[in-house]
Amino acid sequence: MGKIKFGKNVIENLTSGMYQDSRIVYREYIQNSADQIDIAVDNGLYGDGDSPKIDISIDKKKRLIRIEDNATGIEKALVHTELADVADSKKKREQNKGFRGIGRLGGLAYCDTLRFVTSAAGEDVKTVMEWNAQKCMQLINDSSVRDDAETILLDIIDYREEPCSEDEHFFKVELVGIKKENEDLLNVDRVKEYISENTPIPINNNFIFDKRIYEYAREKGYTFDEYNIFVNGEDMLKPYVNDLYEKSDSKKRKYDEIVDIKYREFKTSGGEPLAWMWYGVSSFERQIPQAFNRMRGIRLRKGNIQIGGSDCLAKLFKESRGTHYFLGEVHALHPDLIPNGRRDYFNENEIRVEFEEELRWFFGETLHKLYYAASNIKSALRAQGTFLEKQEQFVEKEKKGLWVNTDEKNELEVQLGQYEKKANTAKKRLDNWREKATEDASIQQVLSIVEGKHGVGLDSSAKTTRNTQKTSSKKKSQFMTDELTALAKKERKLVSRIYSVIRDVLKEDQSSRVIGAIQEELKCNGKKNTFN
């Protein structure tokens, strides 16, 4: 049998063909560094005053990116097999974050030269391995070149050794000459956003629930992988915040807040841990706007590295928008929940099926119920509040004689009856939710939060009968024109007709202002404003 040939296009498929977002290359190198840091920690490589870290420097002017760790480094004798061999990683997929042996090729698609520089502790040299990425892409795109992938890689890779202190141990990736079409890789703010959302870093300690999350994980014995990652000297942290914001009059305005967090464990039918999660509880005013709340959504993570985007788990909700009412994280635990090559979800297997079934049930039975209950409770409270407001306005008009005419009074009385009917229906709904809350602690919590913010509504024992007390003859007149005593009866009738026309053609708030202004003018000027 002949030798199987891997064509040159395999290289393209494993580099630019793998990723939709060029910034993913940062994640690939970070997860490789994280794996080596784990080994360095296990081997006791860090002494006093020395701590593991990953430093990223971005020089837009030089179009240069460096990603460097102070982990194990690679011994010079192993550099070729560790870095040049493709998809032949010795890492364990159930244990390591990067295990396919292809992620390090990612940089080839985005720069002119991809350089690896490394040294292991105890060696007095560092090995420099350079990949001529520009030449690689030229060979791939040249249809006359029929070389296979191995031949091309051997042609573009060069090695050299340079002196180095025996105390040093590091691995450095340099992307030299970032292409113009990959400007996002040099946009420091955009890179910080990506790394803060996707990589295994600590939670921002301004998030008041960070310690509770860590305590829960520690009590349950769950590993929370975190690393010190810096971008141009700035410490990267997950940007979770307590307050939720929306756009109001072109400004950022707080509309809700996270008042508590809850946890959930997921297990296989045989009792093996599948995953655990934490999620924030708020009054669930609305879907959390993306513009001012970067960390919205229930995020999926494995080894504390994000899988897919913020909507990765949306398909497991009863309605995909459901994830946007929350912020939180699902941390996959089972070794058979294996990220696929693009790391946008897990490989298909029986464990993934169980994982999805467990999450789908919880998202539907608990998370959906929370924001659905909050929406219904708010709606009921608003209906009751609207009725009470309209009733107060009606009584005020009745007491002060602010009616334009009998038609207006009759019309508003009918409307008030409609509001009353809606309020009674809303009270029944609210009572029903209160009854459910006695048996469901999560509903009770949401009920308390929403009522604390929007009021408790009508008392459950109260009736919503309208209060239309009639004023006595000693009190103010019944209609507005009755106050215009300086006008003749016919003149008052004409003014009343004018008021009616204004009410018909203008909105309520506008008509009230116009009619009020005319009324005050006629009252102040007395007989000067007669129509004789």
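In what order do the eight strands of the open sheet lie? The legends below take up this question first and then turn to helix packing, and every view is drawn from a predicted model.

**View 1. The open sheet and its strand order.** Eight strands make up an open sheet with mixed pairing, and their order across the sheet is β5-β4-β3-β6-β2-β1-β7-β8. The edges are formed by β5, which covers residues 157-163, and by β8, which covers residues 234-235, each of these strands pairing on one side only. Within the sheet, β2 (residues 64-69) is joined to β6 (residues 170-178) by six bridges in the antiparallel sense, and Arg66 has Glu174 of β6 as its bridge partner.

**View 2. The β3-β4 hairpin and the neighbouring edge strand.** Strand β3, residues 111-119, pairs with strand β4, residues 125-132, in the antiparallel sense through six bridges, with Leu114 placed opposite Trp131 of β4. The two strands β3 and β4 form a hairpin in which five residues lie between them, and Gly122 in the turn has a positive phi of about 95°. Strand β4 also pairs with β5, again in the antiparallel sense, over seven bridges, and here the bridge partner of Met129 is Tyr159 in β5.

**View 3. Helix α6 on the sheet and its packing with α2.** Helix α6, residues 188-198, lies across β1 (54-59), β7 (229-231) and β8, and the angle at which α6 runs to β7 is about 165°. Helix α2, residues 24-42, packs with α6 at an angle of about 50°, the two axes being 10 Å apart. Angles that are neither under 35 degrees, nor over 145, nor from 65 to 115 count as oblique, and α2 and α6 are therefore oblique to each other. The crossing of α2 past α6 is right-handed. Ile24, Tyr26, Arg27 and Ile30 of α2 make the contact together with Val191, Tyr194 and Ile195 of α6, and by class these residues divide into six nonpolar, no polar and one charged.

**View 4. The packing of helix α8 with α10.** Helix α8 (residues 350-400) packs with helix α10 (residues 441-454) at an angle of about 35°, and their axes are 9 Å apart. In this pair, α8 passes α10 in a right-handed crossing. On the α8 side the contact involves Lys369, Leu370, Ala373, Ala374, Ile377, Lys378 and Leu381, which meet Ser442, Ile443, Val446, Leu447, Val450, Glu451 and His454 of α10. The contact of α8 with α10 comprises nine nonpolar, two polar and three charged residues.

**View 5. A helical segment annotated as a coiled-coil region.** The unreviewed UniProt entry lists residues 409-436 as "coiled-coil region". In the model, this stretch of chain, residues 409-436, is 100% helix and 0% strand, and the C-alpha atoms at its ends are 40 Å apart.

**View 6. The pair of helices α11 and α12.** Helix α11 (residues 489-505) and helix α12 (residues 508-525) have axes that come within 9 Å and cross at roughly 160°. Angles over 145 degrees count as roughly antiparallel, and α11 and α12 are therefore roughly antiparallel to each other. The crossing in which α11 passes α12 is right-handed. Val495, Tyr499, Ile502 and Arg503 of α11 make the contact with Ser511, Val514, Ile515, Ile518, Gln519 and Leu522 of α12, and by class this contact has seven nonpolar, two polar and one charged residues.

Conventions
Residues numbered from 1 in each chain as written. Predicted model: local features only at pLDDT ≥ 70, side-chain atom pairs only at ≥ 80, totals over all residues. Heavy atoms only, no water. Pairing = 2+ DSSP bridges. Helix = DSSP H or I, 4+ residues; strand = E, 2+ residues; numbered from the N terminus. Contact = heavy atoms within 4.5 Å. Axes fitted to C-alpha atoms, helices over the stretch in contact; angles between N-to-C directions. Left-handed = near helix turned anticlockwise from the far one by under 90°. Nonpolar A, V, L, I, M, F, W, Y, C, P; charged D, E, K, R; others polar. UniProt positions renumbered as here; feature names shortened; annotations may be inferred.
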